[in-house]
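Got the viewer open? Here is a short tour, stop by stop, with something to select at each one.

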Amino acid sequence: MTQGTFTLLLGTIVVVLATLTDLRSRLIPNRLTLSALAVGLVASAAFGWMEGGARGALAGLGGTLAGVAFCSVLPLLSFARGELGGGDVKLLAALAALCGPTIGFNTQAFAYGVALFVVLP
C-alpha cells in the first residue's frame with residue numbers, strides 16, 4: 001500500500017468517525033483527533049525512513065509539522081472568533097498530518113465554502 005492510499009484511507013475513516021460523533025454529541029473527541037495527528041506524524045516519519053533513512057524520516061516529519069502549522073492558521077483564527085470549536089481545529093490539523101498540507105488546505109476551503117452557503121441564506 002502506498003503512502004497516499006494509506007493516509008487517505010485513514011483520513012476518510014477519521015472524518016467519518018468525527019462526523020458521526022459530532023452529529024450525535026456535538027463534540028469531536030480528543031482521543032480521535034490527537035491520535036490521528038500522532039499517526040500522521042509517525043506515518044510521515046516511517047515512510048520518510050523507508051525512502052531515505054534517518055534523513056528522510058526527519059524530512060518527512062518536518063514537512064508534516066510545517067503542513068500542520070500552515071493548515072492550522074485559519075482554523076485557529078476562526079476558533080478565536082468563536083466560529084469553530086476546538087475539536088474542529090484539531091480535526092483539520094490531524095487531516096493535514098495524515099493527508100498532507102494540500103489536501104488539508106483543500107478540505108478547509110471546501111468546509112468554509114459549505115459554511116458560507118449554510119450561513120448566507
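What follows is a walk through a few selections. Keep in mind as you go that this is a predicted model.

**Stop 1: T33**

Start by selecting T33, which sits in helix α2, residues 30-80. Is T33 buried or exposed? Its relative accessibility is 0%, so T33 counts as buried, the cut-off for that label being under 20%. Now show what surrounds it. Once neighbours within four places in sequence are set aside, T33 is in contact with I28, G87, K90, L91 and A94.

**Stop 2: α2 against α3**

Next, colour α2 and helix α3, the latter being residues 86-99. Two packed helices are described by the angle between their axes and the distance between the axes. For α2 and α3, the axes come within 4 Å and cross at roughly 155°. Which way do they run relative to each other, roughly parallel or roughly antiparallel? Angles over 145 degrees count as roughly antiparallel, so α2 is roughly antiparallel to α3. Turn the view to look at the crossing of α2 and α3, and you should find it right-handed. Sorted by class, the residues in this α2 and α3 contact are 17 nonpolar, eight polar and one charged.

**Stop 3: α2 against α4**

Keep α2 on screen and bring in helix α4, residues 101-119. Here the axes of α2 and α4 are 8 Å apart, at an angle of about 20°. Angles under 35 degrees count as roughly parallel, and α2 and α4 are therefore roughly parallel to each other. The crossing of α2 and α4 is left-handed. To see the contact itself, select G67, F70, C71, L74, P75 and S78 on α2, then P101, G104, F105, Q108 and Y112 on α4. By class, that contact of α2 with α4 has seven nonpolar, four polar and no charged residues.

**Stop 4: N106**

While you are on α4, pick N106, which lies in that helix. N106 is partly exposed, with a relative accessible area of 47%. Try a distance from there: the C-alpha atoms of N106 and A96 are 9.7 Å apart, and the two residues are ten apart along the chain.

**Stop 5: the salt bridge**

How many salt bridges does a search of the whole structure find? It turns up one. Select R81 and E83 and show their side chains, which meet in a salt bridge at 3.3 Å, N to O. Switch on a surface for this pair: R81 is exposed, with a relative accessible area of 66%, while E83 is partly exposed at 47%.

Terms used: Residues are numbered from 1 along each chain as its sequence is written. This is a predicted model: local features need pLDDT of at least 70, side-chain atom pairs count only at pLDDT 80 or more; totals for chains, interfaces and linings use all residues. Side-chain values use heavy atoms; hydrogens and water are left out. A salt bridge is a side-chain nitrogen of Lys or Arg within 4 Å of a carboxyl oxygen of Asp or Glu. Buried means under 20% relative accessible area, exposed over 50%, partly exposed in between (1.4 Å probe, protein chains only). Helices (H or I, at least four residues) and strands (E, at least two) are DSSP runs, numbered from the N terminus. Contact means heavy atoms within 4.5 Å. Axes are lines fitted to C-alpha atoms, for helices over the stretch in contact, and angles run from 0 to 180 degrees between N-to-C directions. Angles under 35 degrees count as roughly parallel, over 145 as roughly antiparallel, 65 to 115 as roughly perpendicular and the rest as oblique. A crossing is left-handed if the near helix is turned anticlockwise from the far one by less than a right angle, and right-handed if clockwise. Ala, Val, Leu, Ile, Met, Phe, Trp, Tyr, Cys and Pro count as nonpolar, Asp, Glu, Lys and Arg as charged, and the others, Gly among them, as polar.
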